[in-house]
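Visitor: I am new to this structure and would like to understand how its descriptions are reached. Could we look at it together and go through the reasoning?

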Amino acid sequence: MILATLCIFLPAVACSAALVNRTIDDLYGDSSTGFIPTYLPPGNAWKNGSTCTICNIYPAYLGHYPATSGGGVAVDISQVFDTTWHDALFHPGQQPPSFIVRFSGQAVYVFNTIANVVAKTTTATNLVFTLDGAAVGYYEHIPDPNGPELIYQVPVYVNESLRDGNHTLVVSAQNTTTQSVILFDYIIYTVVDALVEGTTSACFTDQTSNF
Ligand SMILES: *[C@@H]1O[C@H](CO)[C@@H](O)[C@H](O)[C@H]1NC(C)=O
Ligand SMILES: *[C@@H]1O[C@H](CO)[C@@H](O)[C@H](O)[C@H]1NC(C)=O
Ligand SMILES: *[C@@H]1O[C@H](CO)[C@@H](O)[C@H](O)[C@H]1NC(C)=O
Ligand SMILES: *[C@@H]1O[C@H](CO)[C@@H](O)[C@H](O)[C@H]1NC(C)=O
Ligand SMILES: *[C@@H]1O[C@H](CO)[C@@H](O)[C@H](O)[C@H]1NC(C)=O
């Protein structure tokens, strides 16, 4: 109720504070803060999808090696953000691959490429989302034999009710008994416009909540 009280004492114009979306690309990171995602474990668990010629989910313009393997699917890079993505496979019994992003904001959206049935390729998706140390969500996709081989820019985690401020989000493969894949594309997070940030953010929070 402190927020509601604050709002009453702010001029009406303060309540129109703009919300702005920022993007964290999997490879180029956050152009506003310079932050680049951290990928774990270190080593070769993760691949830059857009330059990977040994990945079964490969960039169309580079082709797939060996081309005769008969498996895999070409990615239309015009349909992924900034033409880049990160690819990792989870193998049961090994450390689940994960990535970490840090941002300050009040909403977050995680976008991945999702795969359906692809010849000779692991395409199940099983993700767990940990925000500021607490598990807050899961995402599972069972490959659909009748669906398109790839679905681009799927929101796999959305949180529009973050406490405004600094957050650490960890996206990890779930430690299951079957193989799965992560095809991370980008993250969007929402900040209160810097020009009006400060007292107005509390006001805006009140304007958009349900009480
Ligand atoms: C930010 O992006 C998300 C996901 O595309 C969208 O739902 C939301 O409306 C956007 N918010 C703003 C303030 O543009
Ligand atoms: C992806 O490419 C970037 C830039 O070339 C490089 O710094 C990074 O190490 C690469 N990541 C992986 C997992 O190969
Ligand atoms: C994954 O699950 C197995 C079986 O429950 C467990 O033995 C193992 O410690 C787990 N590994 C991690 C990294 O959580
Ligand atoms: C959103 O984040 C808050 C913490 O800031 C958490 O309490 C809440 O459960 C999250 N909601 C969703 C849908 O993950
Ligand atoms: C958020 O993190 C930034 C950069 O690490 C720091 O400068 C800032 O003080 C932090 N803000 C809060 C509210 O903790």
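Guide: What follows is a conversation about the terms used for this structure and the values behind them.

Visitor: What makes up the chain as a whole?

Guide: This is a predicted model, and the secondary structure of its chain comes to two helices and 14 strands. Of the 211 residues, 46% count as buried, while the accessible surface is about 10,500 Å², of which 56% belongs to carbon and sulfur atoms. Among the contacts with a separation of 6 or more, 79% are between residues 24 or more positions apart.

Visitor: Why is T125 called buried?

Guide: The relative accessible area of T125 is 2%, and buried means under 20%, so T125 is placed in that class. T125 is found in strand β10, which covers residues 125–131. Leaving aside neighbours within four places in sequence, T125 is in contact with I114, Y139, E140, H141, S180 and V181.

Visitor: How do you know that the side chains of R163 and D132 meet in a salt bridge?

Guide: The rule asks for a side-chain nitrogen of Lys or Arg within 4 Å of a carboxyl oxygen of Asp or Glu. The N to O distance between R163 and D132 is 3.5 Å, so the pair satisfies the rule. By this rule the count comes to one salt bridge. R163 lies in the loop between β12 and β13 and D132 in the loop between β10 and β11, so the pair ties together parts that are 31 residues apart in sequence.

Visitor: Why is R163 called exposed, and why does D132 count as partly exposed?

Guide: R163 has a relative accessible area of 53%, and exposed means over 50%, so R163 falls in the exposed class. D132 has 40% relative accessibility, which lies between the limits of under 20% for buried and over 50% for exposed, so D132 counts as partly exposed.

Visitor: What makes Y157, N159 and R163 part of the surroundings of ligand 4?

Guide: A residue is included if one of its heavy atoms lies within 4 Å of the ligand. An oxygen atom of ligand 4 is 2.5 Å from an N or O atom in the side chain of Y157, and a polar side-chain atom of N159 lies 2.4 Å from an oxygen atom of ligand 4. For R163, a backbone N or O atom lies 3.4 Å from an oxygen atom of ligand 4. These distances are within the limit, so the three residues belong to the surroundings, which also include L131, V136 and L162. Taken alone, ligand 4 exposes 360 Å², and the protein buries 55% of that. By class, this shell has four nonpolar, one polar and one charged residues.

Visitor: Which residues are around ligand 1, and how do you know that N21 makes a polar contact with ligand 1?

Guide: The residues around ligand 1 are L19, N21, Y109 and I188. An N or O atom in the side chain of N21 is 2.3 Å from an oxygen atom of ligand 1, and a polar contact is a pair of N or O atoms within 3.5 Å, so this pair qualifies. Ligand 1, taken alone, exposes 360 Å², of which the protein buries 51%. The shell around ligand 1 has three nonpolar, one polar and no charged residues.

Visitor: Why does R22 count as partly exposed?

Guide: R22 has 26% relative accessibility, which is neither under 20% nor over 50%, so R22 counts as partly exposed. R22 lies in strand β1, residues 19–25, and a polar contact of 3.5 Å joins the side chains of R22 and S32. The C-alpha atoms of R22 and I188 are separated by 5.5 Å, although these residues are 166 residues apart along the chain.

Visitor: What makes the phi of D82 and the peptide bond between L40 and P41 worth pointing out?

Guide: Most residues other than glycine have a negative phi, and most peptide bonds are trans. Phi of D82 is near 60°, a positive value, and D82 is found in the loop between β6 and β7. The bond joining L40 and P41 is cis, with omega about -10°, and P41 is in the loop between β3 and β4. Phi of Q153 is also positive, near 55°, and Q153 has its place in strand β12.

Terms used: Residues are numbered from 1 along each chain as its sequence is written. Chains are lettered from A and ligands numbered from 1 in the order in which they are written. This is a predicted model: local features need pLDDT of at least 70, side-chain atom pairs count only at pLDDT 80 or more; totals for chains, interfaces and linings use all residues. Side-chain values use heavy atoms; hydrogens and water are left out. A polar contact is a pair of N or O atoms within 3.5 Å; within protein, one must be able to donate a hydrogen and the other to accept it, and residues adjacent in sequence count only if both atoms are side-chain atoms. Accessible areas come from the Shrake-Rupley method with a 1.4 Å probe; for residues, only the protein chains shown count as cover. Ala, Val, Leu, Ile, Met, Phe, Trp, Tyr, Cys and Pro count as nonpolar, Asp, Glu, Lys and Arg as charged, and the others, Gly among them, as polar. Helices (H or I, at least four residues) and strands (E, at least two) are DSSP runs, numbered from the N terminus. Buried means under 20% relative accessible area, exposed over 50%, partly exposed in between (1.4 Å probe, protein chains only). Contact means heavy atoms within 4.5 Å.
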